[in-house]
Amino acid sequence: MTDTRSSEVEIDENVLAKLPEGVKVLSISPSGASAWVQTGAIGDRGREMMRGTFHSEETLYAFAPNNVPKPLAWGTYKQEPGSHFYMCDFYDMTDHLPDIARFCTVVAKMHIDSMGKSPNGQYGFPVTTHLAYVDNDNSWSDAWEEWYARAFRRMLQEEEKSHGPDDGLKELTNAMFEKVIPRLLRPLETGGRQIKPCLIHSDLWPGNVKPDAETDEPIMFDSCAFWGHNE
């Protein structure tokens with residue numbers, strides 16, 4: 001690969017140290033684009049983002065190894081302690097939508113294969129993950145309604161922090177927590193009914209799933225994973 005931007009681009013020592021044994025970097029070139037990642041000193045939040053990304057993708061890869069780039073490492077730059085990295089296998093992907101039937105089959109299989117395999121039988125995730133820059137509350141919970149309501153409330157807190165209070169949104173929020181969530185989710189785990197957590201890719205949109213350029217197989221990434229209900 002050739003770097004078309006600069007002949008002086010260097011890879012940080014800590015990144016090189018995480019490369020698989022026997023891999024040698026010959027050159028570097030820009031590849032693709034990201035809607036949310038760029039190198040920058042953003043402190044502990046950046047480190048937690050890379051940590052959460054690694055553990056999310058590692059867990060997803062365990063159940064869908066043919067459709068998730070294999071995570072290799074994450075860490076902090078030696079030369080720039082405020083900058084952090086995540087490393088995975090490279091896939092050349094097209095910028096098209098994957099075959100819908102094939103994509104749905106892959107997601108459904110992941111849900112089925114992971115059903116009931118949450119490490120402690122609960123809803124949540126063992127590390128903090130991020131939707132872009134927003135950190136999720138992944139605290140473990142025995143009840144899906146409780147976990148969902150808490151995660152939803154976390155997003156609303158970020159919305160208010162960014163844009164300020166809104167009376168209309170507050171009214172809708174109260175209805176959501178007092179009526180909608182209990183009516184839709186509580187019946188799943190009451191009256192003798194039970195559901196089991198399965199692994200969820202919580203950010204599935206066209207930007208986070210692309211066809212492999214060679215095989216046309218759907219490739220998923222940026223999962224922000226958690227153990228939840230498949231619907």
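**Buried residues, helices and the nonpolar core**

Thr129 has a relative accessible area of 2% and is therefore classed as buried in this predicted model. The residue is located in the loop that runs between α3 and β3 (130–131), and its side chain makes a polar contact of 2.9 Å with the side chain of Asn138. When neighbours within four places in sequence are set aside, the contacts of Thr129 comprise Gly52, Ser56, Val134, Asp135, Asn136, Asn138, Cys224 and Ala225. One of these partners, Cys224, is itself buried, with a relative accessibility of 8%, whereas Cys104 is partly exposed, at a relative accessible area of 44%. The structure contains zero disulfides.

The protein chain as a whole comprises five helices and eight strands, which succeed one another along the sequence in the pattern α-α-β-β-α-β-β-α-α-β-β-β-β. Of the 231 residues in the protein chain, 35% are buried. Among contacts with a separation of 6 or more, 65% are accounted for by residues 24 or more positions apart.

The largest nonpolar core consists of 28 residues, among which Phe125, Trp144, Trp147, Leu199, Met220 and Phe226 touch the most other members. At least two residues of this core are supplied by each of α2 (43–63), α3 (100–114), α4 (144–163), α5 (167–185), β5 (198–200) and β8 (226–228), and the contribution of α4, at five residues, is the most given by any element. Trp147 touches Phe226 and, in addition, Tyr123, Gly124, Asp137, Asn138, Ser139 and Ser141, with residues up to four places away in sequence not counted. Asn138 is thus in contact with Trp147 and also, through the polar contact described above, is joined to Thr129.

The helix α4 has 20 residues, and at 1.5 Å a residue a span of 28 Å would be expected, which agrees with the 29 Å that separates its end C-alpha atoms. Its buried residues are not confined to nonpolar types, and comprise Trp144, Glu145, Trp147, Ala149, Ala151, Arg154, Leu156 and Glu158. The elements that cover these buried residues of α4 include β4 (134–135), α5 and β8. After α4 comes Gly164, which has a positive phi near 85 degrees.

The helix α3 also follows the expected geometry, in that its 15 residues reach 21 Å from the first C-alpha to the last, close to the 21 Å expected at 1.5 Å a residue. Within α3, the buried positions are Phe103, Val106, Val107, Met110, His111 and Ser114. These residues lie on the same side of α3, because the arc that they cover around the axis is only 130 degrees. In general, an α-helix has 3.6 residues a turn, so residues three or four places apart point the same way. The other side of α3 carries the exposed residues Ala101, Lys109 and Ile112. At the N-terminal end, α3 is capped by Asp99, a side-chain oxygen of which lies 3.4 Å from the backbone nitrogen of Ala101, while just after the helix Gly116 adopts a positive phi of about 75 degrees.

Key: Residues numbered from 1 in each chain as written. Predicted model: local features only at pLDDT ≥ 70, side-chain atom pairs only at ≥ 80, totals over all residues. Heavy atoms only, no water. Core = buried A, V, L, I, M, F, W, Y, C linked by side-chain atoms within 4.5 Å. Buried < 20%, exposed > 50% of the residue type's maximum accessible area, 1.4 Å probe, protein only. Helix = DSSP H or I, 4+ residues; strand = E, 2+ residues; numbered from the N terminus. Contact = heavy atoms within 4.5 Å. Expected span 1.5 Å × (residues − 1). Arc of directions from axis to C-beta. Polar contact = N/O pair within 3.5 Å; in protein donor to acceptor, adjacent residues only side chain to side chain. Disulfide = S-S within 2.5 Å.
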